[in-house]
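Work through the exercises below with the model at hand. Each task is followed by a solution in steps.

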Amino acid sequence: MSHPVRTGTVIGYGRAGHIHMGNLSKMDDVRVKYIVDPCEDTKVPEGVKHVTSLEAALCDEEVDFVVVCSPTWSHYEDISKSLKAGKHVFAEKPLCTETAQISLVYGDAAESGKLLFTAFNRRYDPFLMNAKKRYESGEAGGVLSGMMVSRDYPYPSADYLKISGNLFKDCVVHDLDCMIWLLGETPVSVTATARSPGTERAAGMIESSQVFLKFASGKVITLMSSRVSKSYDQRLELYCQKDDIIVSNPVSEAPLTFAERYRESYVNEMREFIDSVNAGVTTPNLPLGHSLLLDTLIKACHESVDTGREVAISV
């Protein structure tokens, strides 16, 4: 069944904006008409209009969808305005900076009848999808314990770090979402430690952390995250009753960036979004309760670091 060519707008042309724009430009059933970025000298691909105001794009009735890659602090306004203008929204994580805003944008989506799609790209990574499939098949047995290592590369600029929302909201949220998705369980408590080196490049932000997730079943999962690495480092190890489930780093002679490691997952998640729009899907890809849970877990990580205590999670 053929579908009309979907016309879109990308908000923010930084790291994520370039990734998503690149993938959208390769889709035959998609045309990006606008890139919204406040910088007057932003260079955009040929055939795409650069505008500094979101309203200029939202007023265009040809625009079906909006991809939100703007700084985290502006997500709520960008998402809400786009939904209220009758556009489907693909939003980079974190969805919003404030808890109350999360419920509000879900309300905007319901009222507009448009799709709100929150981008957690690891759910679309073939290696992690296979790990989930193995776990759910039962062939490895129940998980006893496990760990996920996430070390970023290259080191982000100080300007980016200042608006990133800090390590837990910017990076660890991926690990939290991934483990809940993979295991199908919700943590009952969180214990976290973090290191802020005080260097100029860290811009006052947390540079590395460890998060211990305790589940009702008794398993404990350790999440190790850092901004420091010689190559993008993403590993998963689940130690199960019958076998281990391991996801290792791809073999590469040169250092890998996060965009290279997860290239296929970024393509897959955007394809899922466009296919959902074409199919008339208006139910958010993540339930409101899950988005609120991630927000709760991020706050619990900070509370644990500040108090040095284990923090119980109520859901």
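**Exercise 1.** Find the residue of β13 that is the bridge partner of Ser189, then describe the pairing of the two strands.

*Solution.* In this predicted model, Ser189 has Ala312 as its bridge partner in β13. Strand β8 covers residues 187–195 and pairs with β13 in the antiparallel sense, over 2 bridges. Helix α10 (residues 288–307) packs on the sheet and touches β8, β9 and β13. The direction of α10 makes about 55° with that of β8.

**Exercise 2.** Give the strand order of the open sheet of 7 strands and state which strands stand at its edges.

*Solution.* The order is β12-β11-β7-β10-β9-β8-β13, and the pairing is mixed. β12 and β13 (311–312) are the edge strands; each has a single partner strand, so one side of each lacks a neighbour in the sheet. Helix α7 (residues 166–183) lies across β7, β8, β9, β10 and β11. Its run is at about 150° to β10.

**Exercise 3.** Describe how β11 and β12 are connected and paired, and sort the side chains of β12 by face.

*Solution.* The two strands form a hairpin, with 3 residues between them. Their pairing is antiparallel over 4 bridges. One bridge partner pair is Leu236 and Val247, the latter in β12. Along β12 (residues 244–247), Ile245 and Val247 point to one face and are buried. Asp244 and Ile246 point to the other face and are not buried. Such alternation between the two faces of the sheet is what a regular strand shows.

**Exercise 4.** Is Asp233 buried or exposed, and which residues does Asp233 touch?

*Solution.* Asp233 is found in strand β11 (residues 233–240). The relative accessible area of Asp233 is 4%. Buried means under 20%, so Asp233 is buried. Leaving aside residues up to four places away in sequence, Asp233 touches Val149, Ser150, Arg151 and Asn249.

**Exercise 5.** Set out the strand order of the open sheet of 6 strands, its edges and the helix α3 that packs on it.

*Solution.* The order is β3-β2-β1-β4-β5-β6, with parallel pairing. β3 (49–51) and β6 (116–119) stand at the edges with a single partner strand each, so one side of each has no neighbour in the sheet. On average, neighbouring strands are turned by 20° against each other, direction ignored. Helix α3 (residues 75–84) packs on this sheet and touches β1, β4, β5 and β6. The direction of α3 makes about 165° with that of β5. Within the sheet, β1 (residues 6–11) and β2 (residues 30–36) run parallel and are joined by 6 bridges. Thr7 stands opposite Arg31 in β2.

Conventions. Residues are numbered from 1 along each chain as its sequence is written. This is a predicted model: local features need pLDDT of at least 70, side-chain atom pairs count only at pLDDT 80 or more; totals for chains, interfaces and linings use all residues. Side-chain values use heavy atoms; hydrogens and water are left out. Buried means under 20% relative accessible area, exposed over 50%, partly exposed in between (1.4 Å probe, protein chains only). Contact means heavy atoms within 4.5 Å. Two strands pair if DSSP finds at least two bridges between them. Axes are lines fitted to C-alpha atoms, for helices over the stretch in contact, and angles run from 0 to 180 degrees between N-to-C directions.
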